[in-house]
Amino acid sequence: MVEKLVMETLKIKEDFLINVNNLLNFVSADYSQKKEAVIKKYDLNFSDKFNIFETISDLYKREKFHSDILYTILNPNTPQIGEVARRGKFVEHFIKILDLDYKFIVDDTIEISKEGHSPVWEGSEKKHGYIDLLITNSHNQAIIIENKLNYAPDMPNQIVRYMKYIQEQKFGKDKKVDMTVVYLTLIPGKRPDINSYHESFEDYTKLIKDAKDGKILKYRCAIDSNKDKGSLIKFLDNCLLSIKSTDITDSSVMLTKVYLEQYKILLGHLGGNVAMLEYQK
């Protein structure tokens, strides 16, 4: 009797292990197919390549890390890379992916800043904030970049506070300002809750809502399956193409090329992981 029970138990265990193994093989095969679909959808043919940023630390998961890299790429004063960026017109390439409905003037008056302090009077008190990246010129034009590449939550009235600061304190309330806010994420989907903005910012909330086709608030991503929309990876590709014909010293061009390519691979890894997240759950 005992021997029979032992045999039946062993058989149940064997069948269970076979079923688990079959299930794991199915899930693994299905996951691989899904992963290939994501790679194809977002054109991530470099998703398995080595990336130096990911071997250094986990800082690449943080918002400030990406702001620092974008600032380094766009800033013409960055040692070595900045000169290549100026000749390669990196700022113009970034502006191009935004598809603005006005001509943003890139000349000697352009300024690029990161974590710009922007105190704004809100109701009964002054709120302090920091614009992740800001591109301005002396022609009353501004591009505010709100970095959500790590999918950080939005602060209350964040976007309209920045808009109010630019209009009323940076340039002047009576000036006509061409202003665009770029809401930057890894993949499409995340959006701010515009309807939650305080009534004291009603004028700026209305500007966002009334502007057709996202003319004030632009949604841009690191990777995007919509090839008609500019993505960060598309921007990096355009920068890489532009430096092929520069007459900068080889060492500066090579350094810039490696920096851009490595950041492109990092964005592919991070964006691909986020795109797979729902299936992984």
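1. Two strands pair if DSSP finds at least two bridges between them. Keep that rule in hand for the sheet described here. The model is predicted.

2. Start with the whole chain. It has 9 helices and 7 strands. Of its 281 residues, 46% are buried. Take the contacts with a separation of 6 or more: 72% of them join residues 24 or more positions apart. The accessible surface of the chain is about 16100 Å². Carbon and sulfur atoms hold 54% of that surface.

3. Now the sheet. It is open and built from 5 strands. Their order is 1-4-5-6-7, with mixed pairing. Which strands stand at the edges? They are strand 1 (111–117) and strand 7 (217–221). Each has a single partner strand, so one side of each has no neighbour in the sheet. On average, neighbouring strands of this sheet are turned by 25 degrees against each other, direction ignored.

4. Look at one edge. Strand 1 runs antiparallel to strand 4 (residues 130–137). How many bridges join strand 1 to strand 4? There are 6. One residue to find here is E111, whose bridge partner in strand 4 is T136.

5. Move on along the chain to N140. This residue lies in the loop between strand 4 and strand 5 (141–148). Is N140 buried or exposed? Its relative accessible area is 18%. Buried means under 20%, so N140 counts as buried. Leaving out residues up to four places away in sequence, N140 touches F171, K175, K176, V177 and D178.

Note on methods. Residues numbered from 1 in each chain as written. Predicted model: local features only at pLDDT ≥ 70, side-chain atom pairs only at ≥ 80, totals over all residues. Heavy atoms only, no water. Helix = DSSP H or I, 4+ residues; strand = E, 2+ residues; numbered from the N terminus. Axes fitted to C-alpha atoms, helices over the stretch in contact; angles between N-to-C directions. Buried < 20%, exposed > 50% of the residue type's maximum accessible area, 1.4 Å probe, protein only. Contact = heavy atoms within 4.5 Å. Areas by Shrake-Rupley, 256 points an atom, 1.4 Å probe, with all protein chains shown as cover.
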